[in-house]
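Open the structure in your viewer and keep the selection tool ready. The stops below can be followed in order, with a selection to make at each one.

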Amino acid sequence: MLPMACTHAGKTMLASAPAVPVPAITNPLVKQRADAQVFRHDDGYYYMTGSVPEYDRLVLRRARTIAGLSDAEERVLWRHQASGPMSGFIWAPELHLMDGRWVMYFAAGPSGGGEDVFRIRTYAVVCDGPDPMTGNWSVLGEFQAPWDSFNLDSTSFVHRGTRYFAWAQREPGIDTNSNLYLAPMASALTLAAKPVRLTVPTLDWEIRGFKVNEAPAVLEKNGKLFMTYSASATDARYCLGLLTADADADIMNPNAWTKSPEPVFTSCPETGVYGPGHNSFTVDEQGRDMLVYHGRDYEQIEGDPLFDPNRHTRVQRLYFHADGTPDLGVPVGNGPLPERFQSSTRPETWLAYEGPRLFTGSAPLPNTQFRSLPNGDGTVRLCPILQRESCLSVAADGGVGLAPMATGYAGAAALFRRVRGPDRDSIRLESAAFPDQALALTPRGLGLAAATDPATVWKLS
């Protein structure tokens, strides 16, 4: 492969075609907000809350787009009390509209130091008006848990007309830090039936540092009910597990749920994200499923991970396996959201890579994800998420492969223009080095073809 001399921008037949913008969402979405919850309400706004590094207050922000949450104004709804059971750490808030009232659940403990600060229980505050950003918030009370023991990370969801409560708690007689429980709700603070225990941390990846199952999040999709949860210590060992039940099953029967034997989302040195966990689910502006979670940019932590402030809120597309189960892939790393490029002429054929080899075909999800990095002149570099220092580059003979960005391949050979395809969800990647040529699946494999060739059209996902 040889670097090509720079070609004057704009002198191609596709220059007048609409450009396809780089995805607006950039990770991290919001810095220093852990345990993030993002959801789209029927008023058209996205709402976001999460733990602040000081663990001293409940916050909320909203925006018309997910990307807009990055710099949206944040309101403090409530601060921990001067003394008493809610005067210490404030953790893991979640906002829900229940029976016409905005309710925010959170975990709190007393101040004063020592082991007593970890006497964590679940509480709720309630808003006195229809707008959670402008209304006044006051304490509603304490969740009436089945045992007077450590409990946190509450969520609520409606399934088949019944509202349920899911949470993490230490159960007397079980040697773990926390297990997951589920029950129907009678009110915002009380249960309508005896809870069931869904999972206890027993697998090796659930008990690293601490024996933890916590932070349940629920998604109904493809005839199934999925519950993700976080496991192990909150450093780089933190990860997500998955429970699955048929949507029509009796979800109060623990046997209706199946635990995945391996974690479904873990630290990824290749993308530079460590300790991904405490997730929630939302949809983007097009209605596509999105995964929300927190993670750090580094592995090594000085002191207690609890007091490291740099768990940042991140989002990425949520995909699904052929059997309908979630495929979370890997935490995609910092920068614009990556995309997948599927051939419009050969279904189930993707632009993909394995190590230094670039090819078209099928591959694990992370090996089909590429990030468009703007060059400042309307062109981009296409970078595989697992190889952050490499990008696509065109050789003198029109072949396309991966090359280090730090070499001479940073010239026009590594630059492409994102040009609109025949429909909204398709794209052409026009070479900046070869006018009127675009990335294509050719009879010889991946290369360039005339920009009018149907083989140059890629479906975005």
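**Stop one: charged pairs**

Across the whole structure, a search finds 22 salt bridges, and the model you are looking at is a predicted one. To begin, select E74 and R61, whose side chains meet in a salt bridge with a distance of 3.0 Å from N to O. Because E74 lies in strand β5 (residues 74-79) and R61 in strand β4 (residues 57-63), this pair ties together parts that are 13 residues apart in sequence. If you switch on a surface, E74 is partly exposed, with a relative accessible area of 24%, whereas R61 is buried, with a relative accessible area of 7%.

Next, select K221 and D289, where another salt bridge joins the two side chains at 2.8 Å, N to O. K221 belongs to strand β14 (residues 213-221) and D289 to strand β19 (residues 289-296), so here the pair ties together parts that are 68 residues apart in sequence. K221 counts as partly exposed, at 28% relative accessibility, while D289 is buried, with a relative accessible area of 12%.

Then move to R357 and E354, whose side chains meet in a salt bridge of 3.5 Å, N to O; of these two, R357 is partly exposed, with a relative accessible area of 45%. Before leaving the charged pairs, add R33 to a selection of R61 and E74, since salt bridges that share partners join R33, R61 and E74 into one network.

**Stop two: cysteines**

How many disulfides does a search of the whole structure find? The search finds zero disulfides, and selecting C239 and C268 shows how two of the cysteines are placed. C239 is in no disulfide, and the nearest cysteine sulfur, that of C268, is 14 Å away. Starting from C268 instead, the closest cysteine sulfur is the one in C239, and the 14 Å between them is too far for a bond. Both residues lie away from the surface: C239 counts as buried at 3% relative accessibility, and C268 counts as buried at 4% relative accessibility.

**Stop three: nonpolar cores**

In soluble globular proteins, nonpolar side chains tend to be buried together. Select W91, L182 and W257, the residues with the most contacts inside the largest nonpolar core, which has 30 residues. To see where this core draws its residues from, colour the strands β6 (90-98), β10 (151-159), β11 (162-169), β12 (179-184), β13 (196-199), β15 (224-231) and β16 (239-246), each of which supplies at least two residues. Among the contributors, β15 gives the most to this core, with four residues.

Now centre the view on W257 and show what surrounds it. Leaving aside its neighbours within four places in sequence, W257 is in contact with L182, L198, L225, M227, L243, T244, A245 and I251. Apart from the core just visited lies another core, of 24 residues, and you can find it by selecting V20, V332, L351 and L429, which are among its members.

**Stop four: an open sheet**

Select β10, β11, β12 and β13, which form an open sheet of four strands in the order β10-β11-β12-β13, with antiparallel pairing. The edge strands are β10 and β13, each of which pairs on one side only, and the twist averages 30° from one strand to the next. Looking at one pairing in detail, β12 and β13 run antiparallel and are joined by three bridges; here you can also select Y181, which stands opposite R197 in β13.

**Stop five: backbone details**

For the last selections, show the backbone atoms. The peptide bond from N27 to P28 is cis, with omega near -5°, and P28 lies in the loop between β1 (26-27) and β2 (34-40).

Which residues other than glycine have a positive phi? One of them is H278, whose phi is near 40°; H278 is placed in strand β18 (residues 274-283) and is buried, with a relative accessible area of 7%. Another is E348, which has a positive phi of about 65° although it is not a glycine. E348 is found in the loop between β24 (341-343) and β25 (350-354), and E348 is exposed, with a relative accessible area of 55%.

Definitions and conventions: Residues are numbered from 1 along each chain as its sequence is written. This is a predicted model: local features need pLDDT of at least 70, side-chain atom pairs count only at pLDDT 80 or more; totals for chains, interfaces and linings use all residues. Side-chain values use heavy atoms; hydrogens and water are left out. A salt bridge is a side-chain nitrogen of Lys or Arg within 4 Å of a carboxyl oxygen of Asp or Glu. Buried means under 20% relative accessible area, exposed over 50%, partly exposed in between (1.4 Å probe, protein chains only). A disulfide is a pair of cysteine sulfur atoms within 2.5 Å. A nonpolar core is a set of buried Ala, Val, Leu, Ile, Met, Phe, Trp, Tyr and Cys residues joined through side-chain atoms within 4.5 Å. Contact means heavy atoms within 4.5 Å. Two strands pair if DSSP finds at least two bridges between them. Axes are lines fitted to C-alpha atoms, for helices over the stretch in contact, and angles run from 0 to 180 degrees between N-to-C directions.
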